[in-house]
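Trainee: Please choose a part of this model and take me through it closely, with the cut-offs behind each term as you go.

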Amino acid sequence: MSGSHFALVDCNNFYASCEQVFRPDLRGRPVVVLSNNDGCVVARSPEAKALGIGLGDPYFKIRYAFEGSEGIAFSSNYTLYGDMSRRVMDTLRTFTDEIEVYSIDEAFVGLRDPQPNLLSCARALRSTVKQWTGLTVSVGIGGTKTLAKVANRLAKRGTGVCNLIGHEDMQGVLSEVAVEDVWGIGPRYGRMLASYGITNALQLSEADDQWVRRRMTVVGLRTVLELRGIPCSGLNETQQPKKAIVRSRQFGRDVVDLEEILEPLASYVAAAARVLRKQGSVAGAMRVSIATSRFNEYTYANSIFRTLPWSTAHTGELIDWACQCMRQIYRPNFVYRRCGVMLTALTPADMQQTSLLNQEHYDGKKRALMEAIDGVTVQWGERALHWAREGLGQGWRMRQGRRSPRYTTRWDEVPVIAL
DNA sequence: TCTGGGGTCCTAGGACCC
DNA sequence: TCTGGGGTCCTAGGACCC
């Protein structure tokens, strides 16, 4: 533990800001980014927040008023956001190796600097990221990750940087933080705590350990200890391989027929299998799910878990098994809106157990084929090559009518400056 | 017409084994 | 007529995160 100084670096309004970096004309205007299928608002510029647009608002409900206020909405452009995220993280890595990328738009950074330098270090991070990527970050520093999160909230409200290390009035600071704004306290715990009169972070930090343990498990207890300044979690510097890989999406339109549902399913399996191979794993089990819209009159949802005959990362095998699962849970006469697949029981591909009885497994030949396919995909894009089961028409694909260009990753979509 | 997607961790309870 | 105790594995469900 490096002196227990944690900085949380968090991009402000990340998705909306990514759009504005490449569209200077939109700076200062209300901008929102929508979820898949252009369903809900998932990111807002400050101007959009000022209009009262809420996170998660269904777009069709606010569209009229929003566009009437000169607002502009974008479909999610994850290719762009992912690349911008990589640029931010690469910038942070020029300052330190002690970095845990926590999500697409935030990272914990370990700071070794002596205390008087912490704020100037935070300002340097902030201005460099701004200069190199065009994005604004807030930096909060604390003795634990939970306190760094608190500091980051304060930073966002103030000058963009905040240091709580050695703060002379921590009690005052914590008493100003609503309990449900504490990292790890969601709506359920927030309500439960409120019913016991605990409404701010200071009160939570003073709660009885045993009581917290009983009501909120060890996870809640760790949060309380971290509020008191006792670190319970360090930086996860090495990226752990994922334990599950999920692909599940709403269709762009209603789907009724089994054969038609197998197309998106195959496509999600193929996408999940790419991620699986990228982290060098094979899957030993899968769960396949299907559901109608929650808003339908007649709803049906089901899922099935299956241990696979052998562990594999072969897309074709995974698709076959997933389709078998789907045939078991599909019921006719429902109008479906989503299906999904989860790959689990993941193990490293080079540590496979070969069964004596079952000669077949993910062998060199299959691996070579998958490597070749992945190579083509990297070079020519994910749609260059696909399994027949994924279908050709793909009318179920999600709607993305408002997607911005992939400015940073496609030669044919780089911004052009007119002379 | 239109309501997101991908993860983690913990606990309880059942099945099964010795 | 009687019905232990401990360990492990699996699953479902609940909570949280962004």
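Mentor: Helices (DSSP runs of H or I, at least four residues) and strands (runs of E, at least two) are numbered from the N terminus. This is a predicted model, in which local features need pLDDT of at least 70 and side-chain atom pairs count only at pLDDT 80 or more, while totals for chains, interfaces and linings use all residues. Residues are numbered from 1 along each chain as its sequence is written, chains are lettered from A and ligands numbered from 1 in the order in which they are written, and side-chain values use heavy atoms, with hydrogens and water left out.

Take helix H3, residues 59–68, as a preliminary: after this helix comes Glu 70, with a positive phi near 65°. Within H3, the residues Tyr 59, Ile 62 and Phe 66 are buried, where buried means under 20% relative accessible area, exposed over 50% and partly exposed in between (1.4 Å probe, protein chains only). Seen down the axis, the buried residues of H3 fall within an arc of 80°, so they line one face of the helix; the arc is that of the directions from the helix axis to the C-beta atoms. The cover over these buried residues includes strands E2, E3 and E4 as well as helix H2, contact meaning heavy atoms within 4.5 Å.

The main part to study is the surface beside DNA strand C. Fifteen residues surround this strand, and Ser 103, Lys 149, Gly 186, Tyr 189 and Arg 287 are the closest; a residue counts as near if one of its heavy atoms lies within 4 Å. H8 (187–195) gives the largest share of this surface, three residues, and E5 also supplies at least two.

E5 (residues 99–103) pairs with E6 (residues 106–110) in the antiparallel sense over four bridges, pairing requiring that DSSP finds at least two bridges, and a hairpin of two residues joins E5 to E6. Here, Asp 105 has a side-chain N or O atom 3.0 Å from a sugar or linking oxygen of DNA strand C, and for Glu 106 the corresponding distance is 3.1 Å. Lys 149, by contrast, places a polar side-chain atom 2.7 Å from a phosphate oxygen; such polar contacts are pairs of N or O atoms within 3.5 Å. Of the atoms of DNA strand C within 4 Å of the protein, 100% belong to sugar or phosphate.

Notes:
A polar contact is a pair of N or O atoms within 3.5 Å; within protein, one must be able to donate a hydrogen and the other to accept it, and residues adjacent in sequence count only if both atoms are side-chain atoms.
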